Amino acid sequence: MDYNVKNTLMEALGITVTSVSNDGVVATMPVDHRTHQPFGLLHGGASVALAETAASIGAYYLVDHEIETCVGLEINANHIRGKKSGTVTAHAKPVHRGKTTMVWEIKIVDEENELICISRCTMAVLKKKN
């Protein structure tokens, strides 16, 4: 799947999707000036943006593009560990695939596979309007 990330939040935060399959999505994001909060740590909002991006791409991959689309309905996140630099990786997996909703679990880890953030995102599956 091709994603037009130009002039999007993905481009602004440096989010890169590295794999997409029926089993889930893997995406990375740098921890740098674009994703820091004022104290020099990874901003929780940036982690949430990475989590929802991975879940959204995964949900879209699983729907029938001719008649369906999907949007974020709800997201939560627990920020487990701070991070000052480097790269974080989101591993998003579907835990529920219904007709009108999907629930995704997203684990964000650092280079040593230490858990930085865990998130759950509910996606709404919508019928496209003609």
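**Entry 1. Terms and a first residue**

I begin with a term: a strand is a DSSP run of E with at least two residues, and strands are numbered from the N terminus. With that settled, I looked up H91 and found it in strand β4. I note here that the model is predicted.

**Entry 2. The chain as a whole**

I listed the elements of the chain and recorded two helices and six strands. Reading along the sequence, I wrote down the pattern α-β-β-α-β-β-β-β.

I then looked up the overall dimensions. Along the principal axes, the C-alpha atoms of the chain fill a box of roughly 45 × 30 × 25 Å. For 130 residues, a compact globule would have a radius of gyration near 14 Å, and the value for the chain, 14 Å, agrees with this.

I also looked up burial and contacts. Of the 130 residues in the chain, 38% are buried. I took the contacts between residues at least 6 apart in sequence and found that 60% of them join residues at least 24 apart.

**Entry 3. The sheet**

In what order do the six strands stand in the sheet? I traced the order as β1-β2-β4-β5-β6-β3, in an open sheet with antiparallel pairing. Strands β1 (16-21) and β3 (68-79) are at the edges; each has a single partner strand, so one side of each has no neighbour in the sheet. From one strand to the next, the twist averages 20°.

**Entry 4. β4, β5 and β6**

I next followed the pairing of three strands. Strand β4 (residues 86-97) and strand β5 (residues 101-109) run antiparallel and are joined by eight bridges. I noted two of the bridge partners: R97 is matched with M102 in β5, and A90 is matched with I108 in β5. The connection from β4 to β5 is a hairpin of three residues.

On the other pairing of β5, I recorded nine bridges to strand β6 (residues 115-127), again in the antiparallel sense. Within β6, R120 stands opposite E105. The hairpin of β5 and β6 has five residues between the strands.

**Entry 5. The helix α2**

I checked the length of α2 against expectation. Its 19 residues, at 1.5 Å a residue, should span 27 Å, and the end C-alpha atoms are 27 Å apart, which agrees. The expected span is 1.5 Å times one less than the number of residues.

I then looked up which residues of α2 are buried. Among them are A46, S47, A49, L50 and A51. Further along the helix, the buried residues include A54, A55, I57, G58 and L62.

**Entry 6. The nonpolar core**

Which residues have the most contacts inside the largest nonpolar core? I found W104, I106 and I108, in a core of 31 residues. At least two residues of this core come from each of α1 (9-13), β2 (24-31), α2 (44-62), β4, β5 and β6. The largest share, nine residues, is supplied by α2. As general background, nonpolar side chains in soluble globular proteins tend to be buried together.

I examined I108 in detail, setting aside its neighbours within four places in sequence. Its contacts include S47, L50 and A51; V88, T89 and A90 are also among them. The list is completed by E114, L115, I116 and C117.

**Entry 7. Return to H91**

Is H91 buried, exposed or partly exposed? I recorded a relative accessible area of 31%, so H91 is partly exposed; the partly exposed class lies between 20% and 50%.

Not counting residues up to four places away in sequence, H91 touches V25, V26, E105, I106, K107 and V109. I also looked up its separation from S19: the two are 72 residues apart along the chain, and their C-alpha atoms are separated by 9.6 Å.

**Entry 8. Two residues with positive phi**

Finally, I looked up backbone angles. N7 is a residue other than glycine, yet its phi is positive, near 65°. N7 lies in the segment before α1. Its relative accessibility is 67%, so N7 counts as exposed.

N113 is likewise not a glycine and has a positive phi of about 65°. I placed N113 in the loop between β5 and β6. With 56% relative accessibility, N113 counts as exposed, because exposed means over 50%.

Technical notes
Residues are numbered from 1 along each chain as its sequence is written. This is a predicted model: local features need pLDDT of at least 70, side-chain atom pairs count only at pLDDT 80 or more; totals for chains, interfaces and linings use all residues. Side-chain values use heavy atoms; hydrogens and water are left out. Two strands pair if DSSP finds at least two bridges between them. Helices (H or I, at least four residues) and strands (E, at least two) are DSSP runs, numbered from the N terminus. Axes are lines fitted to C-alpha atoms, for helices over the stretch in contact, and angles run from 0 to 180 degrees between N-to-C directions. A nonpolar core is a set of buried Ala, Val, Leu, Ile, Met, Phe, Trp, Tyr and Cys residues joined through side-chain atoms within 4.5 Å. Buried means under 20% relative accessible area, exposed over 50%, partly exposed in between (1.4 Å probe, protein chains only). Contact means heavy atoms within 4.5 Å. The radius of gyration is taken over C-alpha atoms; the globule rule is 2.2 Å times the number of residues to the power 0.38.
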